[in-house]
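Subject: Structure handover

Hi,

Here is the structure for you to look through. My notes follow below it.

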Amino acid sequence: MNRVLIIGAGGVGNVVAHKCAQLPYIFGDIWLASRTLSKCEQIKAHVRRNVGRTIKTAQVDADNVPETVALIKRIQPALLINVALPYQDLHLMEACLQTGVHYLDTANYEPPDTAKFEYKWQWAYHTRFKQRGIMALLGCGFDPGVTNIFTAYAQKHHFDRIDTLDIVDCNAGTHGHPFATNFNPEINIREITQRGKFFENGKWHYTPPLSLHYRFKFPAGIGEHDIYLLYHEELESLVKHFKTLKRARFWMSFSQNYLTHLRVLQNVGLTRIDPVDFQGHKIVPIQFLKALLPDPASLAKNYTGKTCIGCIIRGVKNGKPRHYFVYNICDHAACYREVNAQAISYTTGVPAMIGAKLILEGTWRSSGVFNTEQFDPDPFMRDLNLYGLPWQETFPKKGFDGFLIKKKTT
Ligand code: NDP
């Protein structure tokens, strides 16, 4: 029996628990542990109602390595799925090393006191994981995760050489709140307010936060949206693993309403990550802001509309230039009907389940620390179609520029 331990009972943890429960022949025994036990119990009740299976729950502080090691020794899972926060990554990897358990996460480590995410801290564990004979699969959500696999699939089946990559991520949904984030507000706002960064001609280039933007026409009825250049963690591993890339960029859609709220919050200091004195206490403004904002999981009930995330790739096949667009469309309301989640949690949780499935089956198995593009993309692409995230591909005449409505930069 394959026993799995999921850490983190947020929006993504809820989806992972549901999707694992749907596959009893792979995930024979499911444990969900998090800082707040009542959230695990709530998810357990939803899984029992929606899927008809009973998962087990536990309380754990994932920053406390001995406590996690004790939990792992008690449960004896084959794999730990980390869908807590990036701050816990290194502590959970350490606990897996001490107990000989495979590890998977969806977001790379960033230190709590510096809004800077890089793979270097987790890649540094490669030799220790290899020597222990276990694997860590990093960034197995949608972006990072599926976007890396889309790129690997394109390289394997459609290109002799990949020249450029543009990852586009659009949430065209409406949740009815004046301002909310679709996953953990602290992590989300830290990511968006960083400088933009993209790779071109062998170097990283930087832009002021949210300064480079275009109007982009998305497929499948999603329509026109403003997209903004962001730095996203998969760019780092993709540039490392696809050596022919001359340019790699990441774009995300934001509404003017969202950006106006964000600007005001920044201007009044509520997105600060350093502690400030408040009535004799130290508080971190962005953590206080998180307490005020809607819990991303709570958005699901009234969310309507769709998301589109995909990769636009330019390169060469058989000596001829080629453009390729591969993407998924996900419907918020359909996710709610299936697993009580909105599409951002769903598009993260389903790939985490698929990655876990491939590891447990032995389809993706090695020793060391890996990113998703380092394995054969075909089984993962097949499972996306089977387990809720079907993808589509087109070969447009023009690449990224062919989808632009009006070119405007500031
Ligand atoms: P949430 O904030 O909803 O959930 C995080 C959960 O982790 C909460 O239940 C929280 O507990 C728990 N947690 C936090 N710290 C600890 C700790 N020290 N010990 C145990 N549990 C802890 O976040 P989301 O579900 O929205 O996101 C989960 C992860 O998914 C994040 O890392 C995010 O960056 C990643 N993500 C990845 C994406 C991708 O495509 N690759 C896209 C979206 C998200 P408590 O309830 O007590 O606060």
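Start with the contact between the two domains. Here 16 residues of domain 1 are in contact with twelve residues of domain 2. On the domain 1 side, helix H1 (residues 11-21) gives the most, with five residues. That side of domain 1 divides into eight nonpolar, six polar and two charged residues. Please keep in mind that this is a predicted model.

Now the domains themselves. The domain assignment puts domain 1 at residues 3-138. Domain 2 is given as 146-339 + 391-409, so to speak in two pieces of sequence. The C-alpha centres of domain 1 and domain 2 are 25 Å apart.

Next, the chain as a whole. It has 14 helices and 19 strands. Its radius of gyration is 20 Å, and the globule rule gives 22 Å for 410 residues. Those two values are close, so the chain is as compact as a globular protein of that length. Along the principal axes, the C-alpha atoms fill a box of roughly 55 × 55 × 40 Å.

Two last figures on packing. Of the 410 residues in the chain, 49% are buried. Among contacts with a separation of 6 or more, 73% are between residues 24 or more positions apart.

When you open the model, helix H1 is a good place to begin, as the element that gives the most to the side of domain 1 touching domain 2.

Best wishes

Notes:
Residues are numbered from 1 along each chain as its sequence is written. This is a predicted model: local features need pLDDT of at least 70, side-chain atom pairs count only at pLDDT 80 or more; totals for chains, interfaces and linings use all residues. Domain bounds come from an automatic or database domain assignment. Two residues are in contact if their C-beta atoms, placed from the backbone, lie within 7 Å. Helices (H or I, at least four residues) and strands (E, at least two) are DSSP runs, numbered from the N terminus. Ala, Val, Leu, Ile, Met, Phe, Trp, Tyr, Cys and Pro count as nonpolar, Asp, Glu, Lys and Arg as charged, and the others, Gly among them, as polar. The radius of gyration is taken over C-alpha atoms; the globule rule is 2.2 Å times the number of residues to the power 0.38. A residue is buried if 20 or more other C-beta atoms lie within 10 Å of its own, exposed if 12 or fewer, and partly exposed in between; C-beta atoms are placed from the backbone.
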